[in-house]
Amino acid sequence: NQYRGERMQTYDENDALPNNIVWSILTDKENNLWMGTNNGLAKITFSYTAHGKIEHRNITTFTMANGLPSNVIYSLYEDSKGNIWAGTGINGAAVMTKGSGRFTAYNSNNGLGSDIVYSITEDRDGNIWFGTKGGATKFVQSTGQFRNYTIADGLGGNHVYRIFRDSKDNLWIGSLGGALCVFDGFSFKKYDESAGLVHKFILSINEDKKGNIWFGCY
């Protein structure tokens with residue numbers, strides 16, 4: 001649903017979306033809208049009139065035929081180079097290098113903690129982090145190496161649902177049932193109910209304009 005100030009505009013399969021179940025939404029640096037659905041990835045490009053009204057929209061769909069390892073897209077992220085990353089629900093993650101039009105896939109055989117990827121972000125050094133069902137995985141793009149972190153490394157929980165980079169370049173890692181933790185690039189610091197959390201099932205993380213970090217709990 002797109003909020004237009006006075007009403008909601010709904011987009012669904014009748015508008016050429018590949019599926020009505022939308023797991024993730026991303027606006028890239030060129031103002032394209034990406035939607036990860038249960039049956040592929042949709043890229044929506046809008047053109048506007050001089051008065052700001054939508055004049056035309058074009059929807060491009062990407063599926064396994066374009067290199068995606070699965071059509072169930074749980075998470076989306078655009079990195080600092082303009083590459084589009086997609087995390088899937090059953091078969092790992094993939095990246096589309098800017099301008100290529102095709103995805104390169106990675107899964108647990110390459111080093112991902114799990115083939116279920118709930119969240120993707122980038123750290124201050126340009127490494128890509130994946131929140132998976134089997135830990136938090138760091139991908140060093142310059143070397144192509146993966147490093148998975150689990151509770152054995154100090155992570156609060158292995159079922160990582162959200163990874164969020166704040167304005168101070170810390171990574172906040174929320175799990176389903178484990179302790180919330182923050183990674184400063186060197187070590188993990190944990191938080192649980194004793195620190196004031198109402199629940200350890202963290203579903204969403206964001207930062208407001210004053211630098212406060214907000215957590216959506218189960």
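Two strands count as paired when DSSP finds at least two bridges between them. With that in hand, let's work through some exercises on this predicted model.

**Exercise 1. The sheet**

Task: Work out the strand order of the open four-stranded sheet, and say which strands stand at its edges.

Solution:
- Step 1. Follow the pairings: the strands run in the order E15-E16-E17-E18, and the pairing is antiparallel.
- Step 2. Look for strands with a single partner. These are E15 (160–165) and E18 (188–191), so each of them has one side without a neighbour in the sheet.
- Step 3. Add the geometry: ignoring direction, neighbouring strands are turned by 20° against each other on average.

**Exercise 2. The surroundings of E16**

Task: Describe how strand E16 pairs with E15 and with E17, and find out whether its residues are buried or exposed.

Solution:
- Step 1. Take the E15 side. Five bridges join E15 and E16 in the antiparallel sense, and Phe164 stands opposite Trp172 of E16.
- Step 2. Take the E17 side. E16 (residues 171–175) and E17 (residues 180–183) are also antiparallel, with three bridges; here Leu171 faces Phe183 of E17.
- Step 3. Inspect the hairpins. Between E15 and E16 there are five residues, and Asp169 in this hairpin has a positive phi near 70°. The hairpin of E16 and E17 has four residues between its strands, with Gly177 at a positive phi near 105°.
- Step 4. Sort the side chains by direction. Leu171, Ile173 and Ser175 point one way, while Trp172 and Gly174 point the other way.
- Step 5. Apply the cut-off for burial, under 20% relative accessible area. Five of the five residues of E16 are buried, so the strand is largely enclosed by the rest of the structure.

**Exercise 3. Salt bridges across the sequence**

Task: The whole structure holds five salt bridges. For three pairs, among them Arg57 with Asp15, locate the partners and describe their accessibility.

Solution:
- Step 1. Start with Arg57 and Asp15, whose closest N and O atoms are 2.7 Å apart. Arg57 belongs to strand E6 (residues 54–62) and Asp15 to the loop between E2 (8–9) and E3 (22–27), 42 residues apart. Arg57 is partly exposed, at 32% relative accessibility.
- Step 2. Go on to Glu78 and Lys29, which meet at 3.8 Å, N to O. Glu78 sits in strand E7 (residues 73–78) and Lys29 in the loop between E3 and E4 (33–37), so this bridge ties together parts 49 residues apart in sequence. Glu78 is buried at 13%, whereas Lys29 is exposed at 56%.
- Step 3. Finish with Glu30 and Lys98, at 3.7 Å, N to O. Glu30 is in the loop between E3 and E4, and Lys98 is in the loop between E9 (93–96) and E10 (103–106), so the pair ties together parts 68 residues apart in sequence. Both Glu30 and Lys98 are exposed.

**Exercise 4. A loop residue and a surface patch**

Task: Place Asn39 and list its contacts outside its neighbours within four places in sequence; then describe the nonpolar patch that includes Tyr218.

Solution:
- Step 1. Asn39 lies in the loop between E4 and E5 (40–48) and, at 37% relative accessibility, is partly exposed.
- Step 2. Its contacts beyond those neighbours are Pro18, Asn19, Thr63 and Asn71.
- Step 3. For the patch, Tyr218 joins Phe201 and Leu203, with about 320 Å² of accessible area together.
- Step 4. Tyr218 follows strand E20 (213–217), in the segment after it, and is exposed at 67% relative accessible area.

Key: Residues numbered from 1 in each chain as written. Predicted model: local features only at pLDDT ≥ 70, side-chain atom pairs only at ≥ 80, totals over all residues. Heavy atoms only, no water. Helix = DSSP H or I, 4+ residues; strand = E, 2+ residues; numbered from the N terminus. Axes fitted to C-alpha atoms, helices over the stretch in contact; angles between N-to-C directions. Patch = residues over 30% accessible without salt bridge, like charges linked within 9 Å, V, L, I, M, F, W, Y side chains within 5 Å. Areas by Shrake-Rupley, 256 points an atom, 1.4 Å probe, with all protein chains shown as cover. Salt bridge = Lys/Arg side-chain N within 4 Å of Asp/Glu carboxyl O. Buried < 20%, exposed > 50% of the residue type's maximum accessible area, 1.4 Å probe, protein only. Contact = heavy atoms within 4.5 Å.
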